[in-house]
Amino acid sequence: MANEITYTGSGASTRQQEVYGRLLHELLMDPTDLRSTVTNLGDIGGSGSSTLTVGTVDYDLAMAAANADEVTGSDNSSVTVGAVSISIAHNLIAFGSSDLHSVTAAPGMLDLQALAAKGAQAYALRFTDLVMATADTITANVGTSGADMTVDDWFSATAQLQSSLAVGPFTAVLAPVQVTDLQASLRSEGGAISFLPATAAQLALKGSGYQGQFMGVDIWQSDSVSTSGGNRVGAMWGENCIGFCEASARGSMPGAIAAGSGSASPVYAEFVRSGDPGISQVIHHAFVGVGLLETARGVNITTDA
């Protein structure tokens, strides 16, 4: 084992501060959770397979004129079918704490219970990374390499989705610099267009990372947006562009306990004890897969980093 939190090592500063107070200042991080922006295909725990396959069908078929002689029949129309498969994978994070660090802990002072509560958050961070990695595989792209994001880039993205007949509501996930560049570009625009910042009620519902709405599109900010060639590659997508499936770990992990809030999270935790030298661990597990359902429903936005 490695990276255990110990009284004399990595956790020393948290115990020295005990003289002055029991509060810990949590450093800045991006807790954006994108689960609400993509399509949940279900829980395949206990299904007998680690892969979920979704059938696809193309119904872009219009009627044709019947034969004018009224007696000659027509052939059946060809219906194009296919499938998209998404496989789940095992993800985990483990925290370890020495006995001396644990027995001197006060509530909230980096004790094992506080670390156990971070399992669901760690899963949300992983999930957001997976969504943005999937978004990188979208074929369509707008924006200008090396140039700041502008309102024109935004309209190019919405135009791309509309031209491909993507269905709303639309979601945009941008890097922080793309959000600020878009807002700067908006200040120079005239007319009736406006950015609607997130309200307290919306933040409570959607969570951290939600920035508001522009031209009917929800905007999320995330540092999981990829960097490529000195650019940031954000994305905008419509309904059913990206899908995911999860698997409950309850059956495969006897003794594990739920670490999330009910059905909102598939994370399960287990506690492991090593008597010598005296280390307690909490290990969080989750099984999830994210995949692109239809590339035409999305567009990447490449602008300067």
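Here is a walk through this predicted model, from the overall make-up to a few helices, a set of strands and some aromatic rings. Residues are numbered from 1 along each chain as its sequence is written, and side-chain values use heavy atoms, with hydrogens and water left out. Since the model is predicted, local features need pLDDT of at least 70 and side-chain atom pairs count only at pLDDT 80 or more, while totals for chains, interfaces and linings use all residues.

Let's start with the overall picture. The protein has seven helices and 16 strands; these are DSSP runs numbered from the N terminus, with helices being H or I of at least four residues and strands being E of at least two. Of its 305 residues, 39% count as buried, where buried is under 20% relative accessible area, exposed is over 50% and partly exposed is in between (1.4 Å probe, protein chains only). Take the contacts (heavy atoms within 4.5 Å) between residues at least 6 apart in sequence: 77% of them join residues at least 24 apart.

Now to helix 5, residues 151-163. With 13 residues at 1.5 Å a residue, helix 5 should span 18 Å, and its end C-alpha atoms are indeed 18 Å apart; the expected span is 1.5 Å times one less than the number of residues. Which residues of helix 5 are buried? They are Val151, Asp153, Trp154, Ala157, Thr158 and Leu161. Viewed down the axis of helix 5, these buried residues fall within an arc of 165 degrees, so they line one face of the helix. That arc is taken from the directions from the helix axis to the C-beta atoms. As general background, an α-helix has 3.6 residues a turn, so residues three or four places apart point the same way. On the face of helix 5 turned away from the buried side sit the exposed residues Asp152 and Ser163.

The two ends of helix 5 have their own details. Threonine 150 caps the N-terminal end, with a side-chain oxygen 3.3 Å from the backbone nitrogen of aspartate 152. That fits the polar contact rule: a pair of N or O atoms within 3.5 Å, where within protein one must be able to donate a hydrogen and the other to accept it, and residues adjacent in sequence count only if both atoms are side-chain atoms. Just after helix 5, leucine 165 takes a positive phi of about 70 degrees. Within the helix, threonine 158 is buried with a relative accessible area of 9%. Leaving out residues up to four places away in sequence, threonine 158 touches Val217 and Met236.

Helix 6 (residues 176-187) can be read in a similar way. Its twelve residues reach 17 Å from first C-alpha to last, close to the 16 Å expected at 1.5 Å a residue. Buried here are Gln178, Val179, Asp181, Leu182, Ser185 and Leu186. They cover an arc of only 165 degrees around the axis, which puts them on the same side of helix 6.

Past helix 6, the loop leading to strand 7 holds serine 194, which is partly exposed at a relative accessible area of 40%. Setting aside neighbours within four places in sequence, serine 194 is in contact with Gln213, Phe214 and Met215. Its C-alpha is 8.9 Å from that of glutamine 213, although the two are 19 residues apart along the chain.

The strands come next, and two strands pair if DSSP finds at least two bridges between them. Strand 7 (residues 195-197) and strand 8 (residues 210-214) run antiparallel and are joined by three bridges, with proline 197 partnered by glycine 212. Strand 8 also runs antiparallel to strand 9 (residues 217-221), through four bridges, and phenylalanine 214 stands opposite valine 217. The hairpin of strand 8 and strand 9 has two residues between the strands, and methionine 215 there takes a positive phi near 55 degrees.

Finally, the aromatic rings. Rings of Phe, Tyr and Trp (its six-membered ring) pair if their centres lie within 6.5 Å; planes under 30 degrees apart count as stacked, over 60 as edge-to-face and the rest as tilted. By this rule there are five aromatic pairs. Tyrosine 123 and phenylalanine 127 have ring centres 6.1 Å apart and planes at 55 degrees, so the pair is tilted. Both lie in helix 4 (residues 119-135), four residues apart, about one turn of the helix, and both are buried. The rings of tyrosine 210 and tryptophan 220 have centres 5.3 Å apart and planes at 65 degrees, so that pair is edge-to-face. Tyrosine 210 is in strand 8 and tryptophan 220 in strand 9, ten residues apart.
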